[in-house]
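Student: Could we work through this structure together, one question at a time?

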Amino acid sequence: MRGIVLAGGSGTRLHPITQAVSKQLLPVFDKPMIYYPISVLMLAGIRDILIISTPADLPNFRRLLGTGEQWGLRFEYAEQAQPNGLAEAFIIGADFVGDDDVALVLGDNIFYGQGFSGLLKQQAASLDGCVLFGYPVKDAHRYGVGEVDAAGRLVSIEEKPAVPRSNKAITGLYFYDSQVVDIARSLTPSARGELEITDVNMAYLREGRATLIDLGRGFAWLDTGTHDSLLEAGQFVQVLEHRQGVRIACLEEIALVMGYISADECYALGAKLAKSGYGEYVMQVAVAAGSV
């Protein structure tokens, strides 16, 4: 499976902050926002990742992330000149996806929960069609909403319904087989001029090949599209990290645990950031792993 992080858009709800910098480069407590979706792909066992952003912002992502080799990953970069919809990511990344399965994660979504890596790997290994990840919310009318039957099968998807049939919001993480490229190419723009991800999901639903996984209790799903939600996400990460003494979405630690880099390589990455608490943590993780 390959991975795509969609980190485009103009971040208008976060103006004036995002008039000069991509939203996905803003800090969520102690690390750039884009670290969080990249960590999700890494936890799913994905090492080939395409970063899609605007022509103006891509150089900054390249400067921050490089080739990904330092974490045992392989990054590629592509431009989305205009915010033409989430589904355009598969058209832009068609050559990158090829005949492989693909995971799409939105650059402003944060996921956290016990056993998340195992769940992601399981769904990636058994993928047939598309897998969506639902999360219970109290204001479902603001989201795409998935409805499941008594057996847990996905039966309907509605985009921002006035009267939601369930409280399961469809999050910004999607698993698809390679057919998604052809489906995206067949779409026509919606009334707002975008290629809608809901239309992609509906195509799989009509074929009976769409599954909704309920993240439910014990998981946290946050997006960071407004000033309030950005601050709340940072506070959430801060509280967890200070209470537990671990860091969420630490790419160096995940790479070490996944076996992508050695303890020595992890320590060297931390040493480059040694004047920050983040760098100190990376070095401590490497020492704890031994052989440093």
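The questions below turn to a pair of helices and then to two pockets.

Student: How are helix 6 and helix 7 oblique, perpendicular or parallel to each other, and which word fits?
Tutor: Keep in mind that this is a predicted model. The axes of helix 6, residues 179-186, and helix 7, residues 197-206, come within 10 Å and cross at roughly 120°. Angles of 65 to 115 degrees count as roughly perpendicular, and those over 145 as roughly antiparallel. The angle here falls in neither class, and the two helices are therefore oblique.

Student: Which residues of helix 7 make the contact with helix 6?
Tutor: On the side of helix 6, the contact is made by Gln179, Val180 and Ile183. By class, the residues of this contact divide into five nonpolar, one polar and no charged. From helix 7, the partners are Val200, Ala203 and Tyr204.

Student: Which strand gives the most to the lining of the largest pocket?
Tutor: The largest pocket holds about 1,100 Å³ of space, and among the 36 residues that line it, Arg13, Leu86, Leu106, Asp108 and Arg192 are the closest to its centre. Strand 10, strand 11, helix 7 and strand 13 are the elements that give two or more residues to this lining. The one that gives the most, with four residues, is strand 11.

Student: How many residues in the lining of the second largest pocket are nonpolar?
Tutor: The second largest pocket has a volume of about 540 Å³ and is lined by 25 residues, with Leu43, Tyr112, Gly113, Arg247 and Ala249 nearest its centre. Seven of the lining residues are polar and two are charged, while the number of nonpolar ones is 16.

Key. Residues are numbered from 1 along each chain as its sequence is written. This is a predicted model: local features need pLDDT of at least 70, side-chain atom pairs count only at pLDDT 80 or more; totals for chains, interfaces and linings use all residues. Side-chain values use heavy atoms; hydrogens and water are left out. Axes are lines fitted to C-alpha atoms, for helices over the stretch in contact, and angles run from 0 to 180 degrees between N-to-C directions. Angles under 35 degrees count as roughly parallel, over 145 as roughly antiparallel, 65 to 115 as roughly perpendicular and the rest as oblique. Contact means heavy atoms within 4.5 Å. Ala, Val, Leu, Ile, Met, Phe, Trp, Tyr, Cys and Pro count as nonpolar, Asp, Glu, Lys and Arg as charged, and the others, Gly among them, as polar. On a 1 Å grid over the protein atoms alone, a cavity is a set of points where a 1.4 Å probe fits but cannot get out, and a pocket is an open set with protein on both sides within 12 Å along at least five of seven lines; lining residues have an atom within 4 Å of a point. Grid points are joined across faces, edges and corners, and a volume is the space filled by probe spheres set on the points.
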